[in-house]
Amino acid sequence: MPVQLNHTIVEAQDRDATAEFLVEILGLEPAGTFGPFRVVELGNGVSLDVAQAGGPVHSQHYAFLVSEDEFDQIWTRIKDRGLAFWADPFHRQPGRINTNDGGRGLYWTDPNGHNLEIITRPYGG
């Protein structure tokens with residue numbers, strides 16, 4: 001069996017609100033619960049296991065490969081919520097998307113400060 005990512009833990013100040021945010025913005029099925037985690041299932045068998053942080057949340061970056069239609073839907077949800085978004089990971093190009101590698105991409109932050117990204121083409125692809 002080749003090595004595959006199965007899950008990663010996402011720290012959150014509010015576990016339930018963070019799971020709900022991810023599900024709503026990304027258009028996913030409702031998150032389940034497994035032990036102390038809210039489990040957000042992605043389409044490729046990987047899950048984001050959201051855990052309540054016992055202190056400050058350390059910002060991480062999570063990138064999601066999506067179809068062109070999913071990009072449009074997610075971008076609309078981001079705009080409808082009045083969330084800031086950027087074309088770059090350093091947040092220097094506000095209100096813009098990028099067209100790297102012939103696809104589209106954008107960045108936004110979740111309520112914990114995690115830097116989230118959607119792309120329609122893998123970088124270098």
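The paragraphs below lead through a predicted model, taking its sheet, its largest pocket and two loop residues in turn.

The sheet is open and is formed by 4 strands in the order β1-β4-β3-β2, with mixed pairing. Because β1 (7-12) and β2 (32-34) stand at the edges, where each has a single partner strand, one side of each is left without a neighbour in the sheet. From one strand to the next, the twist averages 35°. At the β2 edge, the partner is β3 (residues 37-41), and these two strands run antiparallel and are joined by 3 bridges; within this pairing, Gly 32 stands opposite Val 39 in β3.

Turning to the empty space, the largest pocket holds about 440 Å³. Its lining consists of 19 residues, and those that lie nearest the centre of the pocket are Leu 42, Gly 43, Asn 44, Phe 64 and Leu 65. Among the elements that contribute to this lining, β5 (61-65) and α2 (68-80) each supply at least two residues. Sorted by class, the lining of the largest pocket comprises 12 nonpolar, 5 polar and 2 charged residues.

Beyond α2, the loop that leads to β6 (105-109) contains His 91, and Asp 101 also has its place in the loop between α2 and β6. The backbone of His 91 has a phi near 60°, which is a positive value in a residue other than glycine, and Asp 101, likewise not a glycine, has a positive phi near 55°. Because partly exposed covers the range between 20% and 50% relative accessible area, His 91 at 25% falls into that class, as does Asp 101 at 34%.

How values were computed
Residues are numbered from 1 along each chain as its sequence is written. This is a predicted model: local features need pLDDT of at least 70, side-chain atom pairs count only at pLDDT 80 or more; totals for chains, interfaces and linings use all residues. Side-chain values use heavy atoms; hydrogens and water are left out. On a 1 Å grid over the protein atoms alone, a cavity is a set of points where a 1.4 Å probe fits but cannot get out, and a pocket is an open set with protein on both sides within 12 Å along at least five of seven lines; lining residues have an atom within 4 Å of a point. Grid points are joined across faces, edges and corners, and a volume is the space filled by probe spheres set on the points. Ala, Val, Leu, Ile, Met, Phe, Trp, Tyr, Cys and Pro count as nonpolar, Asp, Glu, Lys and Arg as charged, and the others, Gly among them, as polar. Two strands pair if DSSP finds at least two bridges between them. Axes are lines fitted to C-alpha atoms, for helices over the stretch in contact, and angles run from 0 to 180 degrees between N-to-C directions. Buried means under 20% relative accessible area, exposed over 50%, partly exposed in between (1.4 Å probe, protein chains only).
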